[in-house]
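Welcome! Please open the model in your viewer and get ready to select a few pieces one after another.

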Amino acid sequence: MKRGSGEIQPKAKPMPKEPQDVTIVVDRSGSMTGEPMEHAQAAAADMVRMLNAKDRVNVIAFSDEVDPLFSQPHDADQKTKDQAIKFINGMHAGGGKDIALALQSGIKAQEAKSEKPKVIMFMTDGQSDAELAMNAAKADTKDVRVFTIGLGKEVNKPLLSRLAAVKRG
């Protein structure tokens, strides 16, 4: 979604809802170069802007390794939102891809003690080992929901749909 491209852009206003722990996991592998990375960054930054002060947020960038902003979600106050957006805007595409590792890291980063609903927004083109990714999703016994967002022209829709279905996204 490029700004000014004629597409309708969401207004980044907080939505009334139950407070949540939200971890935004963004694929920054080499296959995300160009428009997919730009779209991922724009969508992730808009998600951060839409969070309420009672939410908590974390951002994890991944390729064949993971790079979390925080070890677990932080209160979504303005300072944290600014840090998250700066982190998102600083992402550069490159490297391989390990969706299983990214999914495991996102789930592990959710604080077990928190009573807030735990949500992972997982943005990728899905070009990775499908069996390992599904095994990672099935191995999680926590109450973490995963919503997948496919980016790019070569999205592995079947994998992303299965991941979301297994994790109630």
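The tour below goes through this predicted model, starting with a strand and ending with a pair of helices.

**Stop 1: strand β2.** Select residues 56–62, which make up β2. Is this strand covered or open? It is mostly covered, with seven of its seven residues buried. Try colouring its two faces: Arg56, Asn58, Ile60 and Phe62 lie on one side, while Val57, Val59 and Ala61 lie on the other.

**Stop 2: the parallel partner.** Now add β1, residues 21–27. This strand runs parallel to β2, and seven bridges join the two. Zoom in on Val22, and you will find it opposite Val57 of β2. Next, trace the chain from β1 through α1 to β2: this β-α-β crossover is right-handed.

**Stop 3: the antiparallel partners.** Select β3, residues 66–68, which pairs with β2 in the antiparallel sense over three bridges. Here Ile60 stands opposite Pro68. Look at the link too: β2 and β3 form a hairpin, with three residues between them. Then show β4, residues 74–75, joined to β2 by two bridges and also antiparallel to it. His74 of β4 sits opposite Val57.

**Stop 4: two helices.** Finally, select α1 (residues 35–50) and α2 (residues 78–89). Their axes come within 9 Å and cross at roughly 175 degrees, so the two helices are roughly antiparallel to each other. To see the contact, show Gln41, Ala44, Ala45, Val48 and Arg49 of α1 with Lys81, Ala84, Ile85, Ile88 and Asn89 of α2. This contact has six nonpolar, two polar and two charged residues.

Terms used: Residues numbered from 1 in each chain as written. Predicted model: local features only at pLDDT ≥ 70, side-chain atom pairs only at ≥ 80, totals over all residues. Heavy atoms only, no water. Axes fitted to C-alpha atoms, helices over the stretch in contact; angles between N-to-C directions. Helix = DSSP H or I, 4+ residues; strand = E, 2+ residues; numbered from the N terminus. Parallel < 35°, antiparallel > 145°, perpendicular 65-115°, else oblique. Contact = heavy atoms within 4.5 Å. Nonpolar A, V, L, I, M, F, W, Y, C, P; charged D, E, K, R; others polar. Buried < 20%, exposed > 50% of the residue type's maximum accessible area, 1.4 Å probe, protein only. Pairing = 2+ DSSP bridges. Right-handed = clockwise from strand over helix to strand, strands pointing away.
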